[in-house]
Amino acid sequence: MKLLVALIIFRIANVHCENIVPHKDCGSPNAQLVKVEFIPPCEKHACILRRGEVITVLANFLPRIHSNQIIVSAYQKDAYLSYETPMIQKENLCGKFNITCPLEPNQMQYAVVSGTFPQNFPGHKTTFRLIFYGDNDQTLFCETCPIEIR
């Protein structure tokens, strides 16, 4: 469940960070996030996640290196207290969310995440950071973006 929540947050944030919400690449040496579509769309100031809402995200990324695996870690940074807490610690995504392994250079991956955002997730503002790793902990890509959970 934590993985689904984190991936939904990341996909939502990236979809609209790309066009509306300020975002930062926090180090993407070995892959490129090419396209992300989110249903429903985010607002201008931040990506708003509503508890109980059905969320669908389509994301395309292009690996630049070969990797037998794709591992994800996710963190959130509290907007008021400035501390960062882990949400996911190195979970393998191979075979999940339409991701196929091994990753091959310049072969597009088409990830699909869909689900209902949990009702019991606490409401707050945060900065979300997601890091994808390949073999030997090589960073594929990293992105951050502000979100608000209501």
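This report describes the fold, the salt bridges, the surface and the confidence of one protein model.

**Overall build**

The model is predicted. The protein has 1 helix and 9 strands. Read from the N terminus, the order of elements is α-β-β-β-β-β-β-β-β-β. So the helix starts the run, and the strands follow.

How much of the protein is buried? Of its 150 residues, 49% count as buried. The accessible surface comes to about 7300 Å². Carbon and sulfur atoms hold 50% of that surface.

Contacts tell us about the fold too. Take the contacts in the protein with a separation of 6 or more. Residues 24 or more positions apart account for 71% of them.

**Salt bridges**

Side chains of opposite charge can pair when their charged atoms come close. How many salt bridges does a search of the whole structure find? The search finds 4. The table shows three pairs, including their closest N to O distances.

| Acidic residue | Basic residue | N to O distance |
|---|---|---|
| Asp137 | Lys90 | 3.1 Å |
| Glu91 | Lys96 | 3.0 Å |
| Glu148 | Arg150 | 3.0 Å |

Start with Asp137 and Lys90. This pair links distant parts of the chain, 47 residues apart. Asp137 sits in the loop between strand E8 (124-133) and strand E9 (139-149). Lys90 belongs to strand E6 (residues 84-92). Asp137 is partly exposed, because its relative accessibility is 47%. Lys90 is also partly exposed, at 44%.

Next come Glu91 and Lys96, whose side chains meet in a salt bridge. Glu91 has a relative accessible area of 27%, so it counts as partly exposed. Lys96 is partly exposed as well, at 32%.

In the pair of Glu148 and Arg150, is Glu148 buried or exposed? Glu148 counts as buried, because its relative accessibility of 13% falls under the 20% cut-off. Its partner Arg150 is partly exposed, at 39%.

**The loop between E6 and E7**

Several residues with notable features lie in the loop between E6 and strand E7 (109-116). Gly95 is one of the residues in this loop. Gly95 is exposed, because its relative accessibility of 68% is over the 50% cut-off. Gly95 and Ile70 are 25 residues apart in sequence. In space, their C-alpha atoms are 9.8 Å apart.

Asn98 lies in this loop too. Its phi is near 70°, a positive value in a residue other than glycine.

Pro102 has its place in the loop between E6 and E7 as well. Which kind of peptide bond joins Cys101 and Pro102? The bond is cis, with omega at about 5°.

Asn106 is another residue of this loop. Its phi is positive as well, near 60°, and again the residue is not glycine. Asn106 counts as exposed, because its relative accessibility is 59%.

**A nonpolar patch on the surface**

Which residues make the nonpolar surface patch of about 400 Å²? They are Tyr80, Leu81 and Tyr83. Tyr80 lies in the loop between strand E5 (71-78) and E6. Tyr80 is exposed, because its relative accessible area is 64%.

**How far to trust the model**

The protein averages a pLDDT of 78. Of its residues, 79% score at least 70. Where is confidence lowest, and where is it highest? Confidence is lowest in helix H1 (residues 2-17), at a mean of 52. It is highest in E8, at 84.

One stretch calls for care. Over residues 15-21, pLDDT stays under 50. For these residues, the model has 25 contacts beyond four places in sequence. Where pLDDT is low, the predicted coordinates should not be read in detail.

**In short**

The protein combines 1 helix with 9 strands. Among its 4 salt bridges, the pair of Asp137 and Lys90 links distant parts of the chain. The loop between E6 and E7 holds Gly95, Asn98, Pro102 and Asn106. Helix H1 has the lowest confidence in the protein.

Note on methods: Residues are numbered from 1 along each chain as its sequence is written. This is a predicted model: local features need pLDDT of at least 70, side-chain atom pairs count only at pLDDT 80 or more; totals for chains, interfaces and linings use all residues. Side-chain values use heavy atoms; hydrogens and water are left out. Helices (H or I, at least four residues) and strands (E, at least two) are DSSP runs, numbered from the N terminus. Buried means under 20% relative accessible area, exposed over 50%, partly exposed in between (1.4 Å probe, protein chains only). Contact means heavy atoms within 4.5 Å. Accessible areas come from the Shrake-Rupley method with a 1.4 Å probe; for residues, only the protein chains shown count as cover. Patches are made of residues with over 30% relative accessible area and no salt bridge: like charges are joined within 9 Å, nonpolar side chains (Val, Leu, Ile, Met, Phe, Trp, Tyr) within 5 Å. pLDDT is the predictor's confidence in each residue, from 0 to 100.
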